[in-house]
There are 2 protein chains.
Amino acid sequence: MTSQNVVDLHAKARQDYEAFKARGLKLDLTRGKPAPAQLDLSNELLTLPGEGLYKSADGTDLRNYGGLTGIPEMAEIFAEGLQVPAAQLLPLGNASLAVMHDTLVYALFNGVAGGEGRWIDQDITFLCPVPGYDRHFALTERYGIKMVTVPMTDEGPDMDVVEELVAGDASIKGIWCVPKYSNPTGASYGDETVRRLAAMPTAAADFRIFWDNAYAVHHLTDEHDEILDVLAAAAEAGNPDRVFVFGSTSKVTFAGSGVAFFGSSAANVKWFTGFLGKGTIGPDKINQLRHVQFLKDSKGLAEHMRKHAEIVKPKFDAVERILSERLGGTGLATWTQPKGGYFVSLDVPEGTAQRVVELAKEAGVALTPAGATHPYGDDPADRTIRIAPTFPVLSELEVAIEGLATCVLVAGYEKQL
Amino acid sequence: MTSQNVVDLHAKARQDYEAFKARGLKLDLTRGKPAPAQLDLSNELLTLPGEGLYKSADGTDLRNYGGLTGIPEMAEIFAEGLQVPAAQLLPLGNASLAVMHDTLVYALFNGVAGGEGRWIDQDITFLCPVPGYDRHFALTERYGIKMVTVPMTDEGPDMDVVEELVAGDASIKGIWCVPKYSNPTGASYGDETVRRLAAMPTAAADFRIFWDNAYAVHHLTDEHDEILDVLAAAAEAGNPDRVFVFGSTSKVTFAGSGVAFFGSSAANVKWFTGFLGKGTIGPDKINQLRHVQFLKDSKGLAEHMRKHAEIVKPKFDAVERILSERLGGTGLATWTQPKGGYFVSLDVPEGTAQRVVELAKEAGVALTPAGATHPYGDDPADRTIRIAPTFPVLSELEVAIEGLATCVLVAGYEKQL
């Protein structure tokens, strides 16, 4: 039944694979981490704020306690990029994941503004566009929230599916969105998607969009994806409190030592702050000052992000070039070509993603586990692989992607044998 | 009925009060904040870690993601002071209150190691030694946990009361402790108190001590209060997982930009870390490096704390001197004479604390609200006032304590009229 052609192609791929494996490499494409060269761009932070400098624009001593909602200068810099009015944007600690965690905890224990009771007293569900971000799913799972998947399109989640689900099921309280240069497909939500999300009727009166705008300013070229202002769209549609916006400088300055943000309607900010104040006296304001000095304003931020793009773009180009050369026309793979963000999503023939990751691992290339892009780590089609090209140096990345492509060929032809 | 003596004393006090009020002062004794002069001691941090310095002892690039449990060098510095083996001590974010919040949330949602189910599914109670720390009580209240008070003695909570309560009531899952230079009395737990806490039989198998060792190294003189190693005592008594230890550098370096700690048994650290990793990728490790460079080791820490004492001790001395001069022998007040920490606890005649705070406010001296030292802000005896002497400069503090003493006299004699 198997054509001689496939047998030959498989044999050739297998031969390439053995040769690759024999090189005994150790390469890591698992996580979306900035490369050291990107971190170097922010090394000025290592000596900031500088001798004797510890006051905010209004004269507050930022070394001391207080300032629960962060320093306004920091909010100003990111207001435009995150599309949240500065007065409703709170600069907080070093991890947006922690802000999302806390927001979820507040909602579970107290319900949300205008809502109907605490979420912990109800069986609740979140919609998870897939492929998506594994840490969103892990967080949701940890708090016992049921996850229902929705397919991603090039314009964001499939809104016909979303609208039908939220209209018919009052247990659906939330949806995870990475609206710009989405993790991992790189898709940015179309205006119509944002409008529909903002306006759609929901059976749950206390439905919330968890809008993780992680890559808001992370363009690869001067051609930027721009998304609709979701807070404005929600307000216009009569749902002013529907959206929680999250963001951070993690992939702007130092990944582990940045500033995270919470933004929302004035009512939601008040709701959030009321709980925040029970669990902390305030964020690290000196680190915010450091960032203000370094980034200066939204223009400074944009210039800084261009330097990132200079480092990152050639890596995305290499991924595109090698996948095209090695997999183009084989019918064994499709992949995304994002204009920003941190990932390329690679789709292989159904039932082979795990096999590809396994083969790669044996050959010394660590990939994000197959299935990680889906809730519970379970990609039912076993098809999607997330490529994180930023961390390795270009030459190593090229080798790793060569190896990955070989693994895709081996697994793909293997299946046809 | 009223003796002429009291009438005269009241008239004199009232006269002093009006004179004080006429000065139109604006002084703040509300919170235990370090003074700017104390913050200045750590100004080196403003330029650390320094150009090109971003690696830990083991060569890790601390700018990037990762390092969920903080950098070991930072744990080493505080292991001795917090009495937790460095391997079981996690340096985390900037606020120990946030670490306590998260620990409580993990316990509520998941139960604790060796426990019987999630705490949110049960009506649970925490014991609160009083007078105590208002932020503990606010946090506990926010999560719907019932609070039962236990009187503080000079040796810590009244252990006869504690033992009887925890032995007889399985809903009691925790107790808040500030074991050294307690907030606000300044009392340090006696060895027998620690031993009894560690060993006492509890009806709840999953009982936990929330051991907020906030003032572990905050001595006022060279004569240090030392407390028993509670983790060792608990292990010895066969309750190795009973204690969660918290601490921070908030009153060591910059109050808002420090490093907080979680410490416990190896099993509890594993329990804690398992949840921590769902809500963050890691703490600000560059800030930890900064602290390691600055404090160096436990000896460096001790030397640094002596500089704090040089600034803080004269303020505590002034409080003691003025209260003695003005209130000694009047029978209207007793107060504590701590050898460390941040507070003096002042007891006035039953039913007059609120009145004193009110009078002080009218005269321009802001005090922590009467009742704040008790759960729900309710001091049933209306007797305890917390004095926070650290923040004002000495000359202003002296004026404020003079004013406070006058208010105590007014309220005290008023009651006898």
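Two strands pair if DSSP finds at least two bridges between them. Strands (E, at least two residues) and helices (H or I, at least four) are DSSP runs, numbered from the N terminus.

This is a predicted model, in which local features need pLDDT of at least 70, side-chain atom pairs count only at pLDDT 80 or more, and totals for chains, interfaces and linings use all residues. Residues are numbered from 1 along each chain as its sequence is written, chains are lettered from A and ligands numbered from 1 in the order in which they are written, and side-chain values use heavy atoms, with hydrogens and water left out.

**Exercise 1. Find the strands that pair with β6 of chain A, and decide whether β6(A) is buried or exposed.**

Step 1. Start with strand β3 (residues 125-130) of chain A, which pairs with β6(A) in the parallel sense over 3 bridges. Here Thr125(A) stands opposite Ile172(A).

Step 2. Now turn to β7(A), which runs parallel to β6(A) and is joined to it by 4 bridges. Cys177(A) has Trp211(A) of β7(A) as its bridge partner.

Step 3. Check the burial, where buried means under 20% relative accessible area, exposed over 50%, and partly exposed in between (1.4 Å probe, protein chains only). In β6(A), residues 172-177, 6 of the 6 residues are buried, so the strand is largely enclosed by the rest of the structure.

**Exercise 2. Explain why Cys177(A) forms no bond with Cys128(A).**

Step 1. Recall that a disulfide is a pair of cysteine sulfur atoms within 2.5 Å. By this rule, the count over all chains is 0 disulfides.

Step 2. Look at the distance: the closest cysteine sulfur to that of Cys177(A) belongs to Cys128(A) and is 10.0 Å away, so it is too far for a bond.

Step 3. Add the surroundings. Cys128(A) is buried at 0% relative accessibility, and Cys177(A) is buried at 0% as well.

**Exercise 3. Trace the 8-strand sheet of chain B from edge to edge.**

Step 1. Follow the order β2-β9-β8-β7-β6-β3-β4-β5 in this open sheet, whose pairing is mixed.

Step 2. Mark the edges: β2 (89-91) and β5 (156-157) of chain B each pair on one side only.

Step 3. Add the helix that packs on the sheet. Helix α7 (residues 191-199) of chain B touches β5, β6 and β7 (208-212), where contact means heavy atoms within 4.5 Å. The direction of α7(B) makes about 145° with that of β7(B); axes are lines fitted to C-alpha atoms, for helices over the stretch in contact, and angles run from 0 to 180 degrees between N-to-C directions.

Step 4. Zoom in on one pair inside the sheet. Strands β3 (residues 125-130) and β6 (residues 172-177) of chain B are parallel, with 3 bridges, and Leu127(B) is partnered by Ile175(B).

**Exercise 4. Describe the 3-strand sheet of chain B.**

Step 1. Read the order, β10-β11-β13, in an open sheet with antiparallel pairing. The edge strands are β10 (334-335) and β13 (384-387).

Step 2. Count the bridges between β11 (residues 344-347) and β13(B): there are 4. Leu346(B) stands opposite Ile385(B).

**Exercise 5. What covers the buried residues of helix α10 of chain B?**

Step 1. Begin with the burial: 10 of the 11 residues of α10(B), residues 285-295, are buried, so the helix is largely enclosed by the rest of the structure. Among them are Ile286(B), Leu289(B) and Phe294(B).

Step 2. Name the cover, which includes α10 (285-295) of chain A together with α3 (72-82), β2 and α11 (298-327) of chain B.

Step 3. Inspect the two ends. At the start, a side-chain oxygen of Asp284(B) reaches to within 3.2 Å of the backbone nitrogen of Ile286(B). Just after the helix, Lys296(B) takes a positive phi of about 70°.

**Exercise 6. How are chains A and B related?**

Step 1. Superpose the copies by least squares on the C-alpha atoms of residues with pLDDT of at least 70 in both. Chain A then lies on chain B with an RMSD of 0.0 Å, after a turn of 180° and a shift of 0.0 Å along the axis.

Step 2. Interpret the turn: the two copies are thus related as by a two-fold rotation axis.

Step 3. Locate the axis in chain A, where the C-alpha nearest to it is that of Thr47(A), 2.1 Å away.

Terms used
A polar contact is a pair of N or O atoms within 3.5 Å; within protein, one must be able to donate a hydrogen and the other to accept it, and residues adjacent in sequence count only if both atoms are side-chain atoms.
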